[in-house]
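Hi everyone, thanks for making time this morning. I'd like to walk you through one model, so please have the viewer open and turn along with me.

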Amino acid sequence: MAVTKKAMTLNLTDQEMAVLERMCDKKELSKTALIRQALRLYQLVDTRMEKGEKLFFEHEQTKEKSDLVLL
Amino acid sequence: MKMKVTKEWLLKNANRDQDLEVTAGFLVDEKLDAVYGRNKKEQEDQKEDIESRLTALAQLINIRRRIQGWTMEQLADKADVDLQDVVCLEKGIPVHLSVRTIHKLSGVLDLPHSGLLRLSGATVQRKDDFIEHALRFVARSQKETKTTRQEIKVFEEYVKFLAEEQGK
Amino acid sequence: MSDRYEVLILEAATNDVAKASLIVDIARDAIEAAQRAFTEFHSKNGGSPEHAHWDWTKKFQLTVDYELTYKMLGIECGGQVQGLMLIAVGKDCKIPSQKGKNLVYVDYLSAAPWNSKATTATPKYKLVGKVLLQAAVELSEDEGFRGRIGLHSLPQSETWYTNIGMTDLGKDTAYLNLKYFEMTPEQASAFQKG
């Protein structure tokens, strides 16, 4: 029994498509797989932030912290 | 997903790694407790139990090591475990130890393996009086440079208790 | 909603093949029933495993809150859950050669206590853990991660993961000094061949 899937059309700008293709090459993922991973991460981050947590980056060496811009 | 598990594949693996368990994950549900919280009374009770257990474990190892006339470094060497684990153990610092480390220490110190596992918190105790016995041992044994006869007697009685528990 | 796949495991005493089901996205009530059965078994039999007090129903909540990331899988045989696994999809690889790639992370994996030599002298079924790990590898392939998986091993299983060819990245101080293992696509392919 397979998971049912639905197809959709995605409209992207040239710039967005270029980023998508670059990331697919880097991660060795198909466009579909990469977008699914992006959605997964977005949902995870969004849920944790709703619970009151903060998301930030920490530099491995300097330990300097910075907020994630945008979200 | 295909999940093709064939009879041949199964039989090929049937007798390999017979005594090895396939497990993965944290020793305790710390991550989930941080996310979903834990009942306050449960937390307080557990904190007291943890302190009693760790103190008993610390003194048990400390006394046996001194009976043997070893330094902490020598113990760590003989048991092939990290010195840091031995130091933290003897100070009663709540460090999470692997079953392997407990096993090695209990072997070298000739102490009941399952008793040490329970004191370290790696396994859950079945009996309510386990903590009580641990507390009594802690209260009656004392830390001195040389082990006294009294200390040794109290120590041996407690080891006997742990060994009897293991046999059950 | 759960998906079921027919799989096989072995009866431990006889090596006879037993028909089982792999359930992906196992339902809450099945997990609660399994948790009750595991707890009852442990309280009757004691035993040493470090994971004796894992709470699978609490882990289930992750699959609700982070539904695209966490999945719970189980093996059912003889009307009972024989093993459970919680996976997280899409974590980053740590092996240098796989940098920037993603994997399926095995958050928790355990056979039922009556199937473990640590808790009983007469285990009921074997290869439950291995079949679950196979499922993790296949899910990784389905996601486009080419079979890459990662996990932190409990001490009694370290040798097993080494034996199946996983890369040992050593003790992870961020995870209670448990050893971290990863499987590359090539190792995954070899593992599936058996």
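I'll start with confidence, then go through the fold of chain C, and finish with the contact to chain A.

First, please keep in mind that this is a predicted model. Its scores are ipTM 0.79 and pTM 0.68. For chain C, the mean pLDDT is 89, with 95% of the residues at 70 or more. If you go element by element in chain C, the highest mean pLDDT, 96, belongs to strand β3, residues 70-77, and the lowest, 87, to helix α1, residues 28-45. As a general reminder, predicted coordinates should not be read in detail where pLDDT is low.

Now to the fold. Chain C has five helices and nine strands. Reading from the N terminus, the order of elements is β-β-α-α-β-β-β-β-α-β-α-β-β-α. Of the 194 residues in chain C, 52% count as buried. There is also a good deal to say about sequence separation: take the contacts in chain C between residues at least 6 apart in sequence, and 59% of them join residues at least 24 apart.

How are the nine strands of chain C ordered in the sheet? They run β6-β1-β2-β3-β4-β5-β7-β9-β8, in an open sheet with mixed pairing. The edges of that sheet are β6 (125-126) and β8 (167-172) of chain C; each has a single partner strand, so one side of each is left without a neighbour in the sheet.

Let's begin at the β6 end. β6(C) runs antiparallel to β1(C), and two bridges join them. If you want a residue to click on, C:L10 is opposite C:K126 in β6(C). Moving one strand along, β1 (residues 3-11) and β2 (residues 17-24) of chain C are an antiparallel pair with eight bridges. Here C:R4 sits opposite C:I23 in β2(C). The hairpin of β1(C) and β2(C) has five residues between its strands, and in it C:N15 takes a positive phi near 60 degrees.

Before we go to the other end, have a look at α1(C). This helix lies across β3 and β4 (80-92) of chain C, at about 120 degrees to β4(C).

Over at the β8 end, the strand to watch is β9(C). Five bridges pair β9 (residues 178-183) with β7 (residues 149-153) of chain C, in the antiparallel sense. On its other partner, β8(C), the pairing is again antiparallel, over four bridges. You can see both partnerships at C:E182: this residue of β9(C) is the bridge partner of C:G150, and C:T167 stands opposite C:E182 too. Is β9(C) buried or exposed? Six of its six residues are buried, so β9(C) is largely enclosed by the rest of the structure. The hairpin of β8(C) and β9(C) also has five residues between the strands, and C:L176 there takes a positive phi near 55 degrees.

Last stop, the contact between the chains. On the A side 15 residues are in contact with 13 residues of chain C. Helices α1 (14-27) and α2 (31-50) of chain A each supply at least two residues of the side that touches chain C, and α2(A) gives the largest share, eight residues. By class, that side of chain A has seven nonpolar, four polar and four charged residues.

That's my tour; thanks for listening, and I'm happy to go back to any view.

Note on methods
Residues are numbered from 1 along each chain as its sequence is written. Chains are lettered from A and ligands numbered from 1 in the order in which they are written. This is a predicted model: local features need pLDDT of at least 70, side-chain atom pairs count only at pLDDT 80 or more; totals for chains, interfaces and linings use all residues. pLDDT is the predictor's confidence in each residue, from 0 to 100. Two strands pair if DSSP finds at least two bridges between them. Two residues are in contact if their C-beta atoms, placed from the backbone, lie within 7 Å. Axes are lines fitted to C-alpha atoms, for helices over the stretch in contact, and angles run from 0 to 180 degrees between N-to-C directions. Ala, Val, Leu, Ile, Met, Phe, Trp, Tyr, Cys and Pro count as nonpolar, Asp, Glu, Lys and Arg as charged, and the others, Gly among them, as polar. A residue is buried if 20 or more other C-beta atoms lie within 10 Å of its own, exposed if 12 or fewer, and partly exposed in between; C-beta atoms are placed from the backbone.
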